[in-house]
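Here are a few short exercises to work through with the model open beside you. Try each task before reading its solution.

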Amino acid sequence: MNFLALLKDTLFQFLGLFKNLDTLPVEFMRLLREFLVKLGALCGIAVPQWALDLVSSLVIIVAILVTFLILFALMSVFERKLLARAQNRYGPNRVGPCGILQPVADGIKMLTKEDLVPRAADKVVHYLAPIVMVAPALMLPVILPYGRDMVAVDLPVGILFFFALSAGAELAVFMAGWASNNKYSILGAMRAIAQMISYELPLVTSALVVALVAGSLSPAALVAAQGGYSFGFLPRWFVCTPWGFAACLLFYIGALSESNRCPFDLPEGESEIIAGHLTEYSGFKYAIFFMAEYVGMFAINGLLVTLFLGGYQAPFPFLEWIPGWCWFFAKLWAVALSMVWVRTTLPRFRIDQMMLFAWKFMLPMSFVALLAAAAWYYAGQGLAGWVLSALIVVVPYLLLGTFCFTRHHSATNRRYLYSE
Amino acid sequence: MHDFLQKIVALPWDQSPQWLFLIPGLLMLLAASAAVCLRNLIHSALCLVLSFICLGVLFMALGAEFVGFVQLLVYVGAVAMLILFAILLTPAGEVAASNNPLKNFRLSSALHAAAGAAITFLVLAGLLTAIFFSPRAAHAVLPAQAAAAPVALIGENLLTHTLLPLLGIAVLLTAALVGAALLAKEDTSL
Amino acid sequence: MNFPGSGIIKGMAVTARNIVGSYFDRAHAKRLTTEQYPEERPTLAEASRSVPFLVYDGEDPEKGMRCVACKICEKECPPQCIYIVKDSDANGKPILRPKVFNIDISVCMGCQICVEVCPFESIRMDNIYEMSSYDRFAPLVLHKAQLLKSNAYYHGIRPTEATATDARIEAGRIRKEAALKAATAKVAATKAAAAAKAAEENKPSQPEQNA
Amino acid sequence: MMLQILLALSAVLFCIGLLAALTRRNAIMVLIGIELMLGAGNLNFISFWKFSAHPENLTGIMFAIFSIAIAAAEAAVGLAIVIQVHRRLHSVDVNQANELKG
């Protein structure tokens, strides 16, 4: 058996994989390993396990990176188009058909710009900040289950891994803001950190709600727990339960805040503090920050899809023939575009409103969701559970919303701590 | 070429040697020393973060993934941020004072530092002696079954054997939260 | 329906209506107000102006040039972007025509003062707007040949003003002719009077003689 | 031998923290030193757990988790005190906070 025959054989097997699209990526990896073993045998080398693992890890890493960079590129153009459409403009439509190649133009522009470092900046920290920002952001997507058995690293503490790494973003933002030696930068960094720390609590707590019911911190197990249909038609996604709906909204708001998107874009509020911690960055470093922000946003949206929207599960039984990974990415896009929709609609928070919202609404509500999930768990998940957990969620929501957030309340006693 | 490839492939690449954990360990010590020695407070806080990250990696290498990630989450995400915030809120501290060391030199503080260094050296010597001359430490072997800490088991432990300490911690954290908020309030009449 | 958070839902509905409407609305063209610039040119208002140009009458720019190189615009121009050199004939005798007429449009601020002070209705504001170039200096200095544009062009970009100008020139011409006629008549009259006077001066002797 | 190396690492880390706590005058540096010492303690807990006869009891892990929680509380309160001291004395020098000295 010579090399060409092996190649031909493998190619035919590869084409055969397209019969079942659902398992295509997993089967492709298996085929790759088999091909490597056969190739080694052809050359007279017994290919050891670690080499196979190394090659397949590299392939997976490259696949995930490329996927997320493509998502980032597409998002940057779709976001601008949707924003434009909401304001009755065309949006980018010059580069390529319908402006789809705009990210290429943007990339070329960014990379050819001058990389400025302020003279008074702390050079080392200024240089390190984009790296600290991008490294955790690119590591986040590895724990997400993209399809059946399609999870790069099935960590038993996957959710914890995710939140531990997103702490890196806070650090990077601080480093960028401080090292720039610019008042706007440091103000932006302070705002960003205050916001991220405040919203991390409800974010983690609402993720904890799911972990409480599913009894696991592994994303793959969480998605597996959301398979099937209750009452015969309603998918058993966690978002379709009262507590899950509340936790999902809380997580969504927390995700908006963690990825510094409108209405939580105070750290980069253009009209107030130029670009916050990004003020002194240009060229390639700015592009890296931008990319890390978008990849981080997609990663946290992926976690939202995994935790609440059933990951790769189909919404209806008659749609199950569509491959799971298609469902995952469809949901991912739906969540990401909904973030753009929110961005077009809501104005930016004032900083005291933002803190008030985090500590007086988000945090109590996430505890309420935790309570509702516990009630659901012990009430047997039937009709009684539905009614009980719905009551537990709705009553505090109405009370908080009616008495805590009247206009009068938020307008009194306003004090600006950092602007005096 | 062929033989060379075969030899490379045959090496035990997948069995990491036991000293591999020394890499994060030594990096941790280096970062910690930098954190202590650097004059710029922000730099030393950032070095502290690096040292905490290395400590977390060390925990993970020792099989305690959960503790490692908690370490990253709590120390990098919260404690380091608190320290950085505190440094920014207390300007003109040591940085300004250290601009002219001769002017700020005082005999009492030099004696103070010397005494501190001496105490530290004594403690270090004592600890290292205890560690390297203790027969039990020298003969400690890895248990037959590899140590692992599955999350489910940790959770179960938290709510059974260590329920009381958990409640205590909950009360302590609440008290600390309220206390810190009260202390940091501007017009507090202490 | 008014419950906490209902305002957000209403706002989201508004933006959603706009997003969908901008794609599927019947009044699509009216809704998206953006002009696709290089393909769609804006229709400029008649009063829009950018830099000055020189008007000439008839076909030949040199012959029909209204400018007489009086240099009033050069003096009045606040940023001093106009440069004029008078022409002279072979004998060195100056003639009423500019030899050089340059306008540095990188300096021009479009104030229209030159237009207002020009007594010969020669300099007028143009409305061209694609004036960018790769060099900051040479291409942005417009010379006489570039500045001279026909009266027909002037009528094309701002008909009302051009018609008024033409009427004014025509009226001026008529007035001038009338004045000329009057002057001629006056001269003739003066001459006649002088002749009469001379005749009269010569005459008295005659009556005396006669008397 | 591996346990000894781990313990030595932790001992050196502890002493670095101790040095900072004893010699630096800035209160925040003192707090950083204390955090380092707590980290060294955690490393000891984890390495003893790793080498214990019954790792399935998770005693070391539990201790480490609690110690991390306490460290967080300690940092929060300590830094609040530092900020309060700075507000009163306009300095974070621990030697200057001597109002109670007789």
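**Exercise 1.** Find which residue is the bridge partner of P52(C) in β4(C), then place the two strands in their sheet.

*Solution.* Step 1: in this predicted model, P52(C) is bridged to M125(C) of β4(C). Step 2: widen the view to strand β1 (residues 52–56) of chain C, which runs antiparallel to β4(C) and is joined to it by three bridges. Step 3: add the third strand, and you have an open sheet with the order β4-β1-β6 in chain C and mixed pairing. Step 4: look for strands that pair on one side only; these edge strands are β4 (123–125) and β6 (148–150) of chain C. From one strand to the next, the twist averages 50°.

**Exercise 2.** Decide whether Y184(A) is buried, partly exposed or exposed, and list its contacts beyond its sequence neighbours.

*Solution.* Step 1: locate Y184(A) in helix α7 (residues 183–214) of chain A. Step 2: count C-beta neighbours inside 10 Å; Y184(A) has 19. Step 3: a buried residue needs 20 or more, and an exposed one has 12 or fewer, so Y184(A) is partly exposed. Step 4: setting aside neighbours within four places in sequence, Y184(A) touches I273(A), I274(A), G276(A) and T279(A).

**Exercise 3.** Describe how the two domains of chain A meet.

*Solution.* Step 1: mark domain 1 (3–47) and domain 2 (121–407) of chain A. Step 2: note that their C-alpha centres lie 39 Å apart. Step 3: collect the contact residues, four from domain 1 of chain A and seven from domain 2 of chain A. Step 4: sort the domain 1 side by class, which gives three nonpolar, no polar and one charged residues.

Technical notes. Residues numbered from 1 in each chain as written. Chains lettered and ligands numbered in written order. Predicted model: local features only at pLDDT ≥ 70, side-chain atom pairs only at ≥ 80, totals over all residues. Domains from an automatic or database assignment. Contact = placed C-beta atoms within 7 Å. Nonpolar A, V, L, I, M, F, W, Y, C, P; charged D, E, K, R; others polar. Helix = DSSP H or I, 4+ residues; strand = E, 2+ residues; numbered from the N terminus. Pairing = 2+ DSSP bridges. Axes fitted to C-alpha atoms, helices over the stretch in contact; angles between N-to-C directions.
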